[in-house]
Amino acid sequence: MKVSTITSLLLIAIACVVVLGQTGGNKMSDKLTVKKTLNLAVAKEIAAEREAGKIIGMCPLRLWTKPDACIKDTKPSQVMFFIIKK
Amino acid sequence: MKKIGEIFQRLFGVPRLVFGVQHFLYADFVAGLVPAIFPARIFWVYLTGAAMIAAGLAFIFNRKALLAAALLGMMLSMFVLLIHIPKFAGGDLSAISWTRRLQDLAIAAAAFILAGILSQREAKNNLLKNISKVSRYLFAILLIVFGVQQFLNPDFLTAKVPVYLPFRMFWVYLTGTAMVLTGASVLINKKGRLTAISLGAFLLLINLLHHGYLVANGWHTPLFWTAAMLDLAITCGVFILAGDLCEEEVSL
């Protein structure tokens, strides 16, 4: 087998590990749940707006995937900036 | 250097392949990023995902890589025009958005540089060669901007220093200085190849230390993988830039 083929297969394997690694655990939450108190007001407002279908995109990604960790680490101003409304 | 360049050309395909698959895994989320003027948003998500997977495979297997690089550069440029600029015009001046839009622009520039290298080897398409030359200087300017960001905005950096390293800010500033120097070297056409190779090796190391640590502590966190892939794409871009400068030296 040629070196280039082995390199290609190795890189494909790396990509597979990256994809499988992120899909194996917590699934992306469809509903935004807020438990921590830090930035709670902002997070609740965002959650309500999303429920009402006003929010169509939002960053940081952690607000979708790990709301608790996001609320703990992210300043309200940083969250507020990334809401895109219809 | 040609061999190293080819390895990073192939490695450049890995983030693209991963991002492509992510478009299918997180289609609902990605659909939110599609501009509101587009009908059938989910269709565009799947189309973009499929295009990214095809580009990733083309780079990894080194088949139709020239076409893939040119199309990828065009697609990312479209992202900048249709997603990032409207967000900017809409008042989104946040630090993270600046970082993201400049990173997309840098990866687009890297794709065009790669297209230029491959085009040069195959001795065709002068337009691509010219776009590639412009992209080289654009990438150099973006390196300077990323470098300055290391000093101004340590929350949303392109080159992240591992949290466990001692004298962390020293490393942050050193990385910033290295980026500025590399960008400037390429712009003034002096020692550009050497600085680009050094910066690429340095970025590869700190990315490995930073993202390796994060992924080890959050194996199933998509954000960590996405950030790692983004930084890998930029690092590959630096090596592609170095490869481009080498090709130019050979052809002179």
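Contact here means heavy atoms within 4.5 Å. The model is predicted.

Q: Among contacts in chain A between residues at least 6 apart in sequence, what share joins residues at least 24 apart?
A: Chain A has 5 helices and 2 strands. Along the sequence they follow the pattern α-α-β-α-α-α-β. Among contacts between residues at least 6 apart, the share joining residues at least 24 apart is 58%.

Q: What percentage of the residues of chain A count as buried?
A: Buried means under 20% relative accessible area. Chain A has 86 residues, and the part that counts as buried is 38%.

Q: Is Val18(A) buried or exposed?
A: Val18(A) sits in helix 1 of chain A, residues 3-23. The cut-off for buried is under 20% relative accessible area. Val18(A) has 3% relative accessibility, so Val18(A) is buried.

Q: Which residues is Val18(A) in contact with, leaving aside its neighbours within four places in sequence?
A: Val18(A) belongs to helix 1 of chain A. Its partners, beyond neighbours within four places in sequence, are in chain B: Val18(B), Trp225(B) and Met229(B).

Q: Which residues does Gln9(B) touch, not counting residues up to four places away in sequence?
A: Gln9(B) is part of helix 1 of chain B, residues 2-11. Its relative accessible area is 2%, so Gln9(B) is buried. Not counting residues up to four places away, Gln9(B) touches Phe59(B), Asn62(B), Ala65(B), Leu114(B), Leu118(B) and Arg121(B).

Q: Which helix gives the most residues to the largest nonpolar core?
A: The largest nonpolar core has 65 residues; Phe12(B), Val14(B), Phe59(B), Phe139(B) and Leu241(B) touch the most other members. One helix, residues 222-251 of chain B, gives 13 residues, the most of any: helix 10.

Q: How many residues are in the other core, the one with Ala27(B) and Val45(B)?
A: This core lies apart from the largest one. Its members include Ala27(B), Ala31(B), Val34(B) and Val45(B), and its residues number 7.

Q: At what angle do the axes of helix 4 and helix 5 of chain B cross?
A: Helix 4 covers residues 41-61 and helix 5 residues 65-89. Helix 4 passes helix 5 in a left-handed crossing. Their axes come within 9 Å and cross at roughly 145°.

Q: How many nonpolar residues are in the contact of helix 4 with helix 5 of chain B?
A: From helix 4, residues including Ala51(B), Met52(B) and Phe59(B) take part, and from helix 5 residues including Ala65(B), Leu72(B) and Phe79(B). The contact has no charged residues and 1 polar residue; the nonpolar count is 11.

Q: What separates Glu6(B) and Arg10(B) along helix 1 of chain B?
A: Their side chains meet in a salt bridge at 3.2 Å, N to O. Glu6(B) is partly exposed at 26%, whereas Arg10(B) is buried at 5%. The two are 4 residues apart in the helix, so the separation is about one helical turn.

Q: How many residues apart in sequence are the parts tied together by Asp244(B) and Arg136(B)?
A: The structure holds 2 salt bridges over all chains, and one of them joins the side chains of Asp244(B) and Arg136(B) at 2.9 Å, N to O. Asp244(B) lies in helix 10 of chain B and Arg136(B) in helix 7, residues 126-152, so the pair ties together parts whose separation in residues is 108.

Technical notes. Residues are numbered from 1 along each chain as its sequence is written. Chains are lettered from A and ligands numbered from 1 in the order in which they are written. This is a predicted model: local features need pLDDT of at least 70, side-chain atom pairs count only at pLDDT 80 or more; totals for chains, interfaces and linings use all residues. Side-chain values use heavy atoms; hydrogens and water are left out. Buried means under 20% relative accessible area, exposed over 50%, partly exposed in between (1.4 Å probe, protein chains only). A nonpolar core is a set of buried Ala, Val, Leu, Ile, Met, Phe, Trp, Tyr and Cys residues joined through side-chain atoms within 4.5 Å. Axes are lines fitted to C-alpha atoms, for helices over the stretch in contact, and angles run from 0 to 180 degrees between N-to-C directions. A crossing is left-handed if the near helix is turned anticlockwise from the far one by less than a right angle, and right-handed if clockwise. Ala, Val, Leu, Ile, Met, Phe, Trp, Tyr, Cys and Pro count as nonpolar, Asp, Glu, Lys and Arg as charged, and the others, Gly among them, as polar. A salt bridge is a side-chain nitrogen of Lys or Arg within 4 Å of a carboxyl oxygen of Asp or Glu.
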